[in-house]
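Biologist: Please take one part of this model and look at it closely. Then follow the packing and the charged pairs outwards from there.

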Amino acid sequence: MRTILFNGAYYPVVDILFPDGERAIATWSLCDVLFTEDNGYVSSEAQNIDEGIYFFVNENHIRLSNTELSLEVLRQMI
């Protein structure tokens, strides 16, 4: 697990290997601070961060094992 620093706070990110490559998974708390109320980016830095994230999950899912987390992401995508 690694973290992303944005606006003075750290947000957890997990890099998971999927069949099409490694993807960054982050939490909804990060997503919430990247966007304005009308779904625009709060800054160009926020846009750059968001473009590097493959999927957002609930806080309690980010600490799952890589296998469980990848299955959770796939389950939510269906």
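Modeller: Helices are DSSP runs of H or I with at least four residues, strands are DSSP runs of E with at least two, and both are numbered from the N terminus. This is a predicted model: local features need pLDDT of at least 70, side-chain atom pairs count only at pLDDT 80 or more, and totals for chains, interfaces and linings use all residues. Residues are numbered from 1 along each chain as its sequence is written, and side-chain values use heavy atoms, with hydrogens and water left out.

The part I choose is helix α3, which covers residues 66-77. α3 has 12 residues. Its first and last C-alpha atoms are 16 Å apart, close to the 16 Å expected at 1.5 Å a residue (1.5 Å times one less than the number of residues).

Start with the inner side. L69, S70, E72 and V73 of α3 are buried (under 20% relative accessible area; exposed is over 50%, partly exposed in between; 1.4 Å probe, protein chains only). Seen down the helix axis, these buried residues fall within an arc of 160° (taken from the directions from the axis to the C-beta atoms), so they line one face of α3. That buried set packs against β2 (9-18), β3 (21-27) and β4, where contact means heavy atoms within 4.5 Å.

Now turn the helix over. The face directed away from the buried side carries T67, L71 and R75, which are exposed. L74 also belongs to α3. At 40% relative accessibility, L74 counts as partly exposed. L74 joins Y54, L71 and M77 in a nonpolar surface patch of about 370 Å². Such a patch takes residues with over 30% relative accessible area and no salt bridge; nonpolar side chains (Val, Leu, Ile, Met, Phe, Trp, Tyr) are joined within 5 Å, and like charges, in charged patches, within 9 Å. Areas come from the Shrake-Rupley method with a 1.4 Å probe, and for residues only the protein chains shown count as cover.

The helix also holds a charged pair. R75 and E72 form a salt bridge, with N and O 2.6 Å apart (a side-chain nitrogen of Lys or Arg within 4 Å of a carboxyl oxygen of Asp or Glu). Both residues sit in α3, 3 residues apart, about one turn of the helix. An α-helix has 3.6 residues a turn, so residues three or four places apart point the same way. The two partners differ in cover: R75 is exposed at 52% relative accessibility, whereas E72 is buried at 11%.

E72 has another neighbour. H61 touches E72, along with L69 and Q76, leaving out residues up to four places away in sequence. H61 lies in the loop between β4 (55-57) and α3. Its relative accessibility is 14%, so H61 counts as buried.

Next, the other charged pairs. The structure holds 3 salt bridges. In one of them, D15 pairs with R2, the closest N and O atoms being 2.8 Å apart. D15 is in strand β2 and R2 in strand β1 (residues 2-6), so the pair ties together parts 13 residues apart in sequence. Both are partly exposed: D15 at 29%, R2 at 36%. D20 and R23 make another salt bridge, with closest N and O atoms 3.0 Å apart. Here D20 is exposed at 53%, while R23 is partly exposed at 25%.

Strand β2, one of the elements α3 packs against, also holds Y11. Y11 is buried at 12% relative accessible area. Setting aside neighbours within four places in sequence, Y11 contacts R2, T3, I4, F6, S29, L30 and V33. The C-alpha atoms of Y11 and T27 are 7.4 Å apart, although 16 residues separate them in sequence.

L30 carries the path into helix α1 (residues 28-34). L30 is buried, with a relative accessible area of 0%. Beyond four places in sequence, L30 touches I4, Y11, I49, I53 and F56. L30 and I4 are 26 residues apart along the chain, with their C-alpha atoms 8.7 Å apart.

I49 leads to helix α2 (residues 44-51), where A46, I49 and D50 are buried. They cover an arc of only 95° around the axis, which puts them on the same side of α2. The buried residues of α2 pack against β1, α1 and β4. The opposite face of α2, turned away from that buried side, carries the exposed residues S44, N48 and E51. β4 thus appears among the packing partners of α2 and also of α3.
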